[in-house]
Amino acid sequence: MQGSASPGQFVFEERVSELAPSVLYDEHVKLAGKSHIAAFAGYLMPLWYSSIAEEHRAVRQSAGLFDCTHMGVLEVSGPDAGLFLEVVGTNKVQDLKLGRARYGYILDAAGTVLDDIIVYRRGQTRFMVVVNAANETKIRFYLRHLQEGRAVVDTKSSPWTAKLPKLNASIQDMRDPNRSTDRRADLALQGPACFDTLGKLADGAAASRISELKSFAFVEEKVGGIDCLICRTGYTGSNVGVELFVDPQEAPRLWNLILEAGKPLGVLPCGLGSRDSLRIEAGLPLYGHELGGKFRISPFEAGYGWAVKLDKEFFIGQAAMRRVAESYDMEVARIELSAAKGVRPIRQDDPLLDEKGECVGWVLSAAKAEDKQVALVYIDRKVAQEGKSLGVYYLARSASQAEQGRKQAAEKGQKLEADLAGSVASRFVKY
Amino acid sequence: MAVAQGLLYTKDHEWVGVEGDTATMGITDYAQEQLGEVVFVELPKVGKEFVAHKEFAVVESSKAASDVFCPVAGRVTEVNTELETQPELVNKDCYGEGWLCKIKIADRASLGSLMDAKKYEEYLKTL
């Protein structure tokens, strides 16, 4: 399963295992029917319930409830837990205050992004780490290999190669049903009606502690009588929104309580479809698309250089990140295009053209967001200025189009004729 | 999964309604469910001739683009221009307002290879 492709690179291929239904599977079948449920990262997850557009709108105008129980939730604890995470992650951990969370990356020694993570400090020596569903197995395997001294810590000789395996930190799966206590899985409630909805389910003091949460701060409170860790974080670009970490066995009950309380406020259950269109509209990266993936996009290129603390004493991948920070010439940008009726949607890999018709980058992710198309693109930094006009060429969508001469791929610098015009927008948007 | 009676079906999940020498066609409920929200439909040009099983339209959804194959040999006489502005009709009413195009049948013999509703239902069970 593990090999070595280039120095310090961590190679991991997951065997496809059996699909697991989400712990909320029965609720999804009741709400969406089986036909809208699909396999995602090893789980059977809902794509949409009412429609992607309706759910997208609900999050911007009211609120939406998302099943994120497929996300990996790990506990890192022990006397050296903070130091372990400081070395394994790109952002700072040890100066994190209790009740606060921080975004960062786990890299391999070659600087490849293995995942983007959020670290929550729950105690002096106790942290919760949320990882992507698609990367959970890989990350657990990687961390175990680091602890056992079997993964590369640095491509040069480093004292951390010897020090890291000696750190006293234990890694536990917080979703494990066999864990005796403090089990956690993730639900997200995002949008302006979030606090009014939770206010109906928590007592007055708890409700105000929840609604007063600052961004990336969390509290542990009862919602509908259920123990929750509630954090002001999210993946939709909503200014108002939380993630609720709850015992997976209680997740269906909390799910239904929130939907019932939120119903008069217009709160809707939301699937993976609107989760994607919302995060694209907000400019947020998805691992495999705007991070890592075939372009091996680094945090700097993705617009998150601030989450990579080059001045830390050490983290895995630091030397590679120092090189990238000085030399990168492509970056992730957000572009907006028309979504008028009858306009063919742009797709991943479609080339972007400058005013001369030369390919300067490619679409990474695209979605329809209300009345426009929004795309996250990988583009030459020289042309990625806000307001800059760009063309997009539609690659062949089907065999018949390819037969008629539509290109199936485009290289940088290649001359093409634009099918649709758009322009570079602000990198991020808050709603 | 709805299968409309009185229509003929292909293994690629197109339906055909025959009236005289004109065939109206579209994609089936199974096909639209598989595709998800349809966001764009590329229709053939009126007047163009196709042999049976030739790609002649593309239905794009938020997750995939699918070729639609011409179910019978013939010439396209009319296309559903409503789909240019309302591609979602394919999801909402695939056997009605979501029809794709009309074809003047060139070779009635090609109808013989199509399934009736009962056979198509049985075929769906094998998928």
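This note comments on the fold of chain B and on two backbone positions in chain A of a predicted model.

1. Composition of chain B. Four helices and 10 strands are found in chain B. Their order along the sequence is β-β-β-α-β-β-β-β-β-α-α-β-β-α, a pattern that begins with three strands and ends with a helix.

2. Overall dimensions of chain B. The radius of gyration of chain B is 13 Å, which agrees with the value near 14 Å for a compact globule of 127 residues. Along the principal axes, the C-alpha atoms of chain B fill a box of roughly 35 × 35 × 20 Å.

3. Burial and contacts in chain B. Of the 127 residues in chain B, 40% are buried. Contacts between residues at least 6 apart in sequence were also examined, and 63% of these join residues at least 24 apart.

4. Backbone of A:Phe216. Most residues other than glycine have a negative phi. A:Phe216 is not a glycine, yet its phi is positive, near 65°. A:Phe216 belongs to the loop between helix 7 (204-211) and strand 11 (218-223) of chain A. This residue counts as partly exposed because it has 16 C-beta neighbours inside 10 Å, whereas 20 or more would make a residue buried.

5. Backbone of A:Glu370. A positive phi, of about 55°, also occurs at A:Glu370, which is not a glycine. A:Glu370 is located in the loop between strand 17 (359-369) and strand 18 (372-380) of chain A. Is A:Glu370 buried or exposed? A:Glu370 is exposed, because 12 other C-beta atoms lie within 10 Å and the exposed class covers 12 or fewer.

Conventions: Residues are numbered from 1 along each chain as its sequence is written. Chains are lettered from A and ligands numbered from 1 in the order in which they are written. This is a predicted model: local features need pLDDT of at least 70, side-chain atom pairs count only at pLDDT 80 or more; totals for chains, interfaces and linings use all residues. Helices (H or I, at least four residues) and strands (E, at least two) are DSSP runs, numbered from the N terminus. The radius of gyration is taken over C-alpha atoms; the globule rule is 2.2 Å times the number of residues to the power 0.38. Two residues are in contact if their C-beta atoms, placed from the backbone, lie within 7 Å.
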